[in-house]
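Trainee: Before we start, I would like to go through the terms used for this model and ask what stands behind each of them.

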Amino acid sequence: DGPHPTRTAKILDILAEYEVNAIFFAVGERVQGQEAVLQRARAEGHLIANHSLAHARLTAQDDDELARQID
């Protein structure tokens, strides 16, 4: 549900300490201003995955909104 301004970096620090990789599910609207932490995550071998644009309840969306959330 991130990236989060402070928590994501702390999580990356812990994962690096234990040499563990993870998948980060990013919410599109939360990415602006957090690009550096996502670049760091990718550089450290983590995967970045899509968690929709606005964390909307996808089962409640019509086809057009569902496509917008995923795109």
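Mentor: What follows is a talk about the pocket, the second helix and the core of this structure, which is a predicted model.

Trainee: What makes residues such as Asp1 and Leu38 part of the lining of the largest pocket?

Mentor: Lining residues have an atom within 4 Å of a pocket point, and those that line the largest pocket are Asp1, Gly2, Pro3, His4, Arg7, Thr8, Ile11, Phe24, Phe25, Ala26 and Leu38. Helix H1 (7–17) and strand S1 (23–26) are the elements that give two or more residues to this lining, and the space in the pocket comes to about 170 Å³.

Trainee: How do you know on which side of H2 its buried residues lie?

Mentor: Buried means under 20% relative accessible area, and in helix H2 (residues 35–43) the buried residues are Val37, Leu38 and Ala41. They cover an arc of only 100° around the axis, so they lie on the same side of H2. The exposed residues Ala36, Gln39 and Ala43 are carried by the face turned away from that buried side, while H1, S1 and strand S2 (47–50) are among what covers the buried residues.

Trainee: Why are Leu12, Leu15, Phe24, Val37 and Ala41 called a nonpolar core?

Mentor: The term asks for buried residues of the listed nonpolar kinds, joined through side-chain atoms within 4.5 Å, and these 5 residues make up the largest such core. H1 and H2 each supply at least two of its residues. Leaving aside neighbours within four places in sequence, Phe24 is in contact with residues including Leu12, Leu15 and Ala41.

Definitions and conventions: Residues are numbered from 1 along each chain as its sequence is written. This is a predicted model: local features need pLDDT of at least 70, side-chain atom pairs count only at pLDDT 80 or more; totals for chains, interfaces and linings use all residues. Side-chain values use heavy atoms; hydrogens and water are left out. On a 1 Å grid over the protein atoms alone, a cavity is a set of points where a 1.4 Å probe fits but cannot get out, and a pocket is an open set with protein on both sides within 12 Å along at least five of seven lines; lining residues have an atom within 4 Å of a point. Grid points are joined across faces, edges and corners, and a volume is the space filled by probe spheres set on the points. Helices (H or I, at least four residues) and strands (E, at least two) are DSSP runs, numbered from the N terminus. Buried means under 20% relative accessible area, exposed over 50%, partly exposed in between (1.4 Å probe, protein chains only). The arc is that of the directions from the helix axis to the C-beta atoms. Contact means heavy atoms within 4.5 Å.
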